[in-house]
Amino acid sequence: MTNLSPGPSRRRLLLGALAALFALARPRSAHAAAPTAPAGRALQRLEKWECTNKQCEPYVYDPSRGDLNAVDLDHPIPPGVAFADLPDGWRCPICNDPKKDFVPTGDWVEA
Ligand SMILES: [Zn+2]
């Protein structure tokens, strides 16, 4: 950005709000936000879990992806976290349902 002209402050506020919205809507870059897993971490076979709320797409928790936009948590869930190891406060990022509303999919991934 090389725009040095000071725009009206209202415009700046609007742009700031838009930027914040985009930051929320867009998956965070794994490089920037995720606590990095140890380089030599061994892969494990972990099961995907699916939200049972019919309003969901459905959302599937994929341990190879983690949940970098974890809602209700002040930290992202990095890849490699088994569903069982998710914090109790973790919730479906789509419908906000708690962990107990999830069921195993029978689909396993290397994570
Ligand atoms: Zn859900």
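This passage describes the secondary structure, strand pairing and burial of a predicted model.

In the predicted model, the secondary structure of the chain consists of two helices and three strands, and these elements follow one another along the sequence in the pattern α-α-β-β-β. The two helices thus precede the three strands in the order in which the chain is read.

The three strands form an open sheet in the order E2-E1-E3, with antiparallel pairing. Strand E2 (60–61) and strand E3 (102–110) occupy the edges of this sheet, and because each has a single partner strand, one side of each is left without a neighbour in the sheet. Strand E1, which spans residues 45–51, is joined to E3 in the antiparallel sense through six bridges. Within this pairing, Arg 45 lies opposite Glu 110 of E3, while Glu 47 has Trp 108, likewise in E3, as its bridge partner. The pairing of E1 with E2 is also antiparallel and comprises two bridges; here Glu 50 is found opposite Val 60 of E2. In a regular strand, side chains alternate between the two faces of the sheet.

With regard to the chain as a whole, 15% of its 111 residues count as buried, a class that requires 20 or more other C-beta atoms within 10 Å of the residue's own. Among the contacts in the chain with a separation of 6 or more, 62% are accounted for by residues that stand 24 or more positions apart.

Definitions and conventions:
Residues numbered from 1 in each chain as written. Predicted model: local features only at pLDDT ≥ 70, side-chain atom pairs only at ≥ 80, totals over all residues. Pairing = 2+ DSSP bridges. Helix = DSSP H or I, 4+ residues; strand = E, 2+ residues; numbered from the N terminus. Buried ≥ 20, exposed ≤ 12 C-beta atoms within 10 Å, placed from the backbone. Contact = placed C-beta atoms within 7 Å.
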